[in-house]
Amino acid sequence: MKLSLIARERIFASSLLVPCFLFVVFFALYPVSYSFFLSLHKIILGLPSLGQPFVGLDNYRDLFHDQVARHSLSNTLLFVFLSTFFELLFGLIIALVINRQFRGRGLVRAAILVPWAIPTVVSSQMWRFIFNDKYGLVNFLFYGSHTSLYAAWLANPLTAFAAIVIADVWKTSSFAALIILAGLQLIPDELYEAAEMDGASEWQQFTQITLPLIKPALLIALLFRTMDAFRVFDLVFVMTQGGPGDSTNVLQFYGYKKIFAEGLMGYGSTISVLVFFITFIIALFYLKLIGTSLFQEKQ
Amino acid sequence: MKKALFHITVFVIVVLSLLPFLWFVNTSLKTSLEITSIPPVFIPSGTVQSYVSAMKDYNLLHYVANSVYVAGATTVITIFLSVLAGYALARLRIKYKGLLMGSLLLVSMFPQISIAGPVWRILDGLGWLNSYQGLIIPYVTLTLPLGVWILASFFSELPQELEDAARIDGCGHLQTLLRIMVPLAAPGVFTAAILIFIYAWNEFFFALLIMTRQTVQTLPVGIALFQGQFTLPWGEIAAASTVATVPLVLIVLLFQKQIVRGLSSGAIK
């Protein structure tokens, strides 16, 4: 029997897709559902003799009453809000600057890419050193050589949290800038020329032309930055270990501690499931917004 | 006045981007006495003592070798799989195209913790904890969405005529892909490879879980866990950090166009 051309193309296409999706199914999609399965059981890594008895929703009930988990959730949400806000703000400023023609533009673009390329662990150690209580640069900038005034920034709940936000904003504003820049470059110059002829001020041009037209790019940057901020781990692990007193504890770090440091595979998995659903809902919400804004633009 | 303001903004952006890390590089070239001195020493004595100690006492080169191996293997495998899948998704008639692309996008947004426990268990069951393949497999999975999206976007921009001509000349599907399309999409392959390599080189969370034995740990794990006897070995940490970052800075300087294109390829479409 001879297969039709289209059938042969379909078979070929499937054989190209199978290896890729084997990885995705076995090491991403299956683990997500497996996390849900684990969260319904009592599993303690250090006590294999316990087996893995089914406990229904007990772990979720415990999670609901877990003060540290609640605190980690609010920390995570605050971190996501603050860091994405400043990243988009600085990203927009950087993008507007690079979008102009000037000498050395390529070098400036390379310079802002450096923080993006640095491993997060490295930038975490770097900021930990800069915020050091005995010989950090921040203390020297504020207090000069008066070492008696030097503050332990990472040992104070408020400043430790601020330090983590600063380190994240420093590292990832350039990513937001690149996405926004791609949006800026799609705006035709004629629009600005026409606006100028109509006597629109620069601020009016910005709010009436630039902002509405880069809305899709802003939303995409917001989506990627939000998802990434939800995963914050390296900064917390290196700079504060969630301290002082859980003031910088975030969901991904708390889940890691429960599952791997304390060996509570079952209970820890409830945090995995919780984080998954929160990010999933936010991602769907943003994707819908992006979809409508792109659709409006086409009209 | 306006022009001056613009130049000041540019200057501030560049200084803020580069200065913190240059300060760390500067630290790596100081003696331990200079590192802790107040006021800080701005011009270091230029000693390589920290680098020597990082290599001798902290096995720096071992971590580098592990990182090169894991990031290199991840890049090669992911690129190979992404070329196949990206081509199929961009240029062949298949069902559920949107669903497949969407599920990849979804995977790229997974918080690592949502799969960490199960992945660890699967690897434990296979006896692959503390093995290179145990780390490479999750890395391949997590970088595939990026690779497929970039390559699909590059493949979809190639003209249809070339593919048709190859067909008429009697090339089979696979031959057309390998001989005609892959060379044409080489810039895309390269862009994706850079981004995948950087991801694998920098990844910390899974490396920390899966590699608990020092001999197989990658650079980020090493740098995060360096411990001194009494105080933190800042000189050695700064030296190892510089070693981990310099290759990436070189890549950024040489290939910034490709990186910018790769990062914004999703945004433009």
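Me: In which loop of chain A does A:Gln241 lie?

Reply: A:Gln241 lies in the loop between H11 and H12 of chain A. Helices are DSSP runs of H or I with at least four residues, strands are runs of E with at least two, and both are numbered from the N terminus. This is a predicted model, in which local features need pLDDT of at least 70 and side-chain atom pairs count only at pLDDT 80 or more, while totals for chains, interfaces and linings use all residues. Residues are numbered from 1 along each chain as its sequence is written, chains are lettered from A and ligands numbered from 1 in the order in which they are written, and side-chain values use heavy atoms, without hydrogens and water.

Me: Which residues in that loop have a positive phi without being glycine?

Reply: In general, most residues other than glycine have a negative phi, and most peptide bonds are trans. Here A:Gln241 has a positive phi of about 55 degrees, and A:Asp246, in the loop between H11 and H12 as well, has phi near 65 degrees. A:Gln241 counts as partly exposed because its relative accessibility is 42%; A:Asp246 is also partly exposed, at 25%. The classes are buried under 20% relative accessible area, exposed over 50%, and partly exposed in between (1.4 Å probe, protein chains only).

Me: Where are cis peptide bonds found?

Reply: One runs from A:Gly243 to A:Pro244, with omega near -10 degrees. A:Pro244 sits in the loop between helix H11 (234-239) and helix H12 (251-261) of chain A. Another joins B:Ile38 to B:Pro39, with omega near -5 degrees; B:Pro39 belongs to the loop between helix H2 (32-35) and helix H3 (49-56) of chain B.

Me: How many salt bridges are there over all chains?

Reply: Side chains of opposite charge can pair when their charged atoms come close. A salt bridge is counted when a side-chain nitrogen of Lys or Arg is within 4 Å of a carboxyl oxygen of Asp or Glu, and the count comes to 10 over all chains. A:Arg225 and A:Asp228 form one of them at 2.9 Å, N to O. These two residues are separated by about one helical turn, because they are 3 residues apart in helix H10 (residues 215-230) of chain A. A:Arg225 is buried at 3% relative accessibility, whereas A:Asp228 is partly exposed at 31%. A:Asp228 also bridges to A:Arg231 at 3.3 Å.

Me: Which residue pairs with A:Lys258 in a salt bridge?

Reply: A:Glu262 does, at 2.9 Å, N to O. A:Lys258 is buried at 13% relative accessibility, while A:Glu262 is partly exposed at 41%. Elsewhere, salt bridges with shared partners join A:Glu87, A:Asp168, A:Arg225, A:Asp228 and A:Arg231 into one network.

Me: What is the nearest side chain of opposite charge to A:Asp66?

Reply: That is A:Lys258, 5.3 Å away; A:Asp66 is buried yet has no salt bridge. Contact means heavy atoms within 4.5 Å, and beyond its neighbours within four places in sequence, A:Asp66 is in contact with A:Tyr254 and A:Tyr267. A:Asp66 is placed in the loop between helix H2 (58-65) and helix H3 (67-98) of chain A.

Me: How many helices and strands does chain B have?

Reply: Chain B has 13 helices and 0 strands. Buried residues make up 55% of its 269 residues. The C-alpha atoms of chain B fill a box of roughly 75 × 65 × 30 Å along the principal axes.

Key
Lys and Arg count as positive and Asp and Glu as negative; His and the chain ends are not counted.
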